Amino acid sequence: MQSLRTIEDWPVPNAAAAVVRGSDGALLGAHGPQDHLFPLASVTKLLTAYAVLIAVEEGVFELDDPAGPDGSTVRHLLAHTSGLAFDEHRVMAAPGNRRLYSNAGFDVLAATLEHASGIPFAQYAAEAVFQPLGMHATLINTAHRAPAGAGGLSTAADLARFAVELQSPKLLDPATLHTATREVAFPGTNGVLPGFGHRRPNDWGLGFEIRDHKTPHWTGTANSPATFGHFGQSGTFLWVDPTADLACLALTDRDFGPWAAEVWPQLSDAVLAEI
């Protein structure tokens, strides 16, 4: 795909990108070092959320089981509505009242899974998600904040495999994935979309941001409101647009900033135009 070649002009040391079609899982295009190991930052949250949703289906716990601050549940933590602060275990709001994007909330989520399953979170994620999908280079190490992003490492090739799963799930019931990615959790909740400011509402599913009509946004202007995914502070993103029947991902090793807010939407629009 010619559109992917534009990553060569990005102001980053290394970049890799891929596009996967949903209907058949075909890799439509790839550019850059597909097996280079990149830090995922908050794209790791998608992997963490997927492991948690598998745990729910396996009966490890329920979405509405208590977790986190008083009154908070697993569902609240996944949807960033537990009330926990961005990067510390401090309660800032009552559960369900505000969309407070929270790394601390995902730390609690992983700890809750560990406690309920008796299995270290990194091991659970590897056995439940990475190994079945053939994501052999992907790992979430045991460093502080690992489930929220600091410890996630992967390759474009591995994330392309995950993108196939997000469009045609084999590890989750399709109804569970639909709820997590297509249904807004706690509708009408306002909050800050990191890097892009306050949004009213700031729609989110269960671990997955839902684009809806947010603007400006890190996806393209041509992406449908149904687009879901996540971006990471390390200069990474993964989106799935069910309307376009496509997933697109890009990995870099330069921290998110104005450069990314400019070139990511351009790439997304070019990919959608080319397809």
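The legends below describe close-up views of a predicted model.

**View 1. Packing of helix α1 against helix α3 in the predicted model.**
Helix α1, which covers residues 44-57, packs against helix α3, residues 103-117, at an angle of about 35°, and their axes are 11 Å apart. The crossing of these two helices is left-handed. On the α1 side the contact is made by K45, T48, A49, A51, V52 and A55, which meet N103, F106, L109 and L113 of α3. Sorted by class, this contact between α1 and α3 comprises seven nonpolar, two polar and one charged residues.

**View 2. Strand β10 and the burial of its two faces.**
Six of the six residues in strand β10, residues 236-241, are buried, so the strand is largely enclosed by the rest of the structure. In a regular strand the side chains alternate between the two faces of the sheet. In β10, T236, L238 and V240 lie on one side, while F237, W239 and D241 lie on the other, and all of them are buried, so that both faces of the strand are covered.

**View 3. The hairpins on either side of β10 in sequence, formed with β9 and with β11.**
Strand β9, residues 228-232, pairs with β10 in the antiparallel sense over five bridges, and F231 stands opposite F237 of β10. Three residues lie between the strands of this β9 and β10 hairpin, in which G235 takes a positive phi near 90°. Strand β11, residues 246-252, is likewise joined to β10 by five bridges and runs antiparallel to it, with D241 standing opposite L246 of β11. The hairpin of β10 and β11 has four residues between its strands, and D245 in the turn has a positive phi of about 60°.

**View 4. Salt bridges, three of which are described here from the six that the structure holds.**
R5 forms a salt bridge with E8, the closest N and O atoms being 3.3 Å apart; R5 is partly exposed, with a relative accessible area of 39%, and E8 also counts as partly exposed, at 48%. In the salt bridge of R75 with D64, the closest N and O atoms are 2.9 Å apart. R75 lies in helix α2, residues 74-78, and D64 in the loop between α1 and α2, so this pair ties together parts that are eleven residues apart in sequence. R161 and D158 form a salt bridge whose closest N and O atoms are 2.7 Å apart, and both residues lie in helix α6, residues 156-167, at a separation of three residues, about one turn of the helix. R161 is partly exposed at 36% relative accessibility, whereas D158, at 3%, is buried.

Note on methods. Residues numbered from 1 in each chain as written. Predicted model: local features only at pLDDT ≥ 70, side-chain atom pairs only at ≥ 80, totals over all residues. Heavy atoms only, no water. Axes fitted to C-alpha atoms, helices over the stretch in contact; angles between N-to-C directions. Left-handed = near helix turned anticlockwise from the far one by under 90°. Contact = heavy atoms within 4.5 Å. Nonpolar A, V, L, I, M, F, W, Y, C, P; charged D, E, K, R; others polar. Buried < 20%, exposed > 50% of the residue type's maximum accessible area, 1.4 Å probe, protein only. Pairing = 2+ DSSP bridges. Salt bridge = Lys/Arg side-chain N within 4 Å of Asp/Glu carboxyl O.
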